[in-house]
Amino acid sequence: MTRTNSNRSSRVVLATLVVLLAATVPAAAVSVTGEEIPEEGQVGTQVSASVTLDELYQNPESEQWQLSGSTDLTDVSWTIVFYDQTGSQVNLVEPTGQSFSGVDIAASSGTAEVEVRITGTVPEIESYSYDPAQEFTMLELTRGQSGGASNTIDAWQTHHYTERSASAREAIDEAGTAIEEARASGANPSDAQANYDDAVVAYNDGSFDVATNLANRATEGANQAQQSSQTRQLLIYAVGGLVVLGLVVGGVVYWRSQQGPDDPLS
């Protein structure tokens, strides 16, 4: 009797664990099989992106749902293309504005794959950040049920910059590399590091001329520290070489002094 109860209890515990694990594992979303998202864009310029979706009705299983999308781009134009299983176009929708919603994705229409294309202007930058670099939402897509819950398929971020911010970032990048190289050579570029840190603060404040000047000063300081370190190492090697040479010469002189005068009769 005890053994039967024990087996039954084990099965109950196992079933409970399975249910809990199933509840904690999120359902797989629509599959993103292709994406062309620019890594960066200059403020005020026009950029384009595209994303391809498939496995449209599997997780969660539903033969119809609604696609929504949004972007931080301005002057936006959307193109949503529907394809069947053969790759033939079956429909095309062109929403307007920075967001759209309620675009039906239905198996009954023969739709097996959806491509979302977007074109727009890179937005202004509200606040700057050197690390991580400031970004904006290029594209965010959401799957939802009519009158029900929705979940994000994915969101894509893109770094945006101005000509001045890009120049300051490049100068700070160069300074960081110079400092790393100086440390690798055995130098201690503390002054250069201080200028680098101040350059990052200036960048985050949007003071790009100040950031660039400080970064250039950091680069010069790091290079000087590296050169000084290399010079010290050369001097140490030179002194070490002279010491070794002196020991060798001294040893030879001492050895010869111990040999005594040559005896011609021997």
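Asp-209 counts as exposed, with a relative accessibility of 52%, and in this predicted model the side chain of Asp-209 meets that of Arg-164 in a salt bridge, at 3.7 Å from N to O. The pair links distant parts of the chain, since Arg-164 belongs to helix H2 (residues 163–184) and Asp-209 to helix H4 (residues 208–257), with their positions 45 residues apart in sequence. Arg-164 itself is partly exposed, because its relative accessible area of 47% falls between the 20% and 50% limits that separate buried from exposed residues.

The structure holds two salt bridges, and the other to be described joins Arg-117 with Glu-115, where the closest N and O atoms are 3.1 Å apart. In this pair, Arg-117 is partly exposed at a relative accessible area of 35%, whereas Glu-115 counts as buried at 16% relative accessibility, a value that lies under the 20% limit for burial.

These details can be set within the chain as a whole. The protein chain has four helices and ten strands, and when the elements are read from the N terminus, one helix comes before the run of ten strands, after which three helices follow. Of the 266 residues in the chain, 34% count as buried, while the accessible surface comes to about 16500 Å², with 50% of that area belonging to carbon and sulfur atoms. Among the contacts between residues at least 6 apart in sequence, 69% join residues that are at least 24 apart.

Part of the strand region forms an open sheet of five strands in the order S2-S10-S9-S4-S7, with mixed pairing. Strands S2 (40–42) and S7 (99–106) stand at the edges, and each has a single partner strand, so one side of each is left without a neighbour in the sheet. On average, neighbouring strands of this sheet are turned by 25° against each other when direction is ignored.

Within the sheet, strand S9 (residues 135–144) is mostly covered, as eight of its ten residues are buried. On one side, S9 pairs with strand S4 (residues 64–70) in the antiparallel sense over five bridges, and here Leu-141 of S9 is the bridge partner of Gly-69. S9 also pairs with strand S10 (residues 150–161), again in the antiparallel sense, over nine bridges. In this second pairing Glu-140 stands opposite Ala-155 of S10, and Thr-137 has Gln-157 of S10 as its bridge partner. The hairpin formed by S9 and S10 has five residues between the strands, and in this hairpin Gly-147 takes a positive phi near 70°.

The bridge at Leu-141 leads from the sheet to the nonpolar core. In soluble globular proteins, nonpolar side chains tend to be buried together. Here the largest nonpolar core has 52 residues, of which Leu-67, Leu-141 and Ile-172 touch the most other members. When neighbours within four places in sequence are left aside, the contacts of Leu-141 include Val-51, Leu-53, Leu-67, Phe-100, Val-116, Ile-153 and Trp-156, together with Ser-68, Gly-69, Thr-152 and Asp-154.

Ile-172 brings the helices into this description, for it lies in helix H2, the helix that also holds Arg-164 of the salt bridge with Asp-209. In contrast to the partly exposed Arg-164, Ile-172 counts as buried, with 0% relative accessibility. Not counting residues up to four places away in sequence, Ile-172 touches Tyr-130, Tyr-196, Ala-199, Val-200, Tyr-203, Ala-211 and Ala-215. For one of these residues, Ala-211, the C-alpha atom is 7.6 Å in space from that of Ile-172, although the two residues are 39 apart in sequence.

A further contact set between the helices is found at Asn-195, which is located in helix H3 (residues 190–204). Asn-195 is buried, because its relative accessible area of 15% is under the 20% limit. Beyond its neighbours within four places in sequence, Asn-195 is in contact with Leu-214, Arg-217 and Ala-218.

Definitions and conventions. Residues numbered from 1 in each chain as written. Predicted model: local features only at pLDDT ≥ 70, side-chain atom pairs only at ≥ 80, totals over all residues. Heavy atoms only, no water. Core = buried A, V, L, I, M, F, W, Y, C linked by side-chain atoms within 4.5 Å. Buried < 20%, exposed > 50% of the residue type's maximum accessible area, 1.4 Å probe, protein only. Contact = heavy atoms within 4.5 Å. Helix = DSSP H or I, 4+ residues; strand = E, 2+ residues; numbered from the N terminus. Areas by Shrake-Rupley, 256 points an atom, 1.4 Å probe, with all protein chains shown as cover. Pairing = 2+ DSSP bridges. Axes fitted to C-alpha atoms, helices over the stretch in contact; angles between N-to-C directions. Salt bridge = Lys/Arg side-chain N within 4 Å of Asp/Glu carboxyl O.
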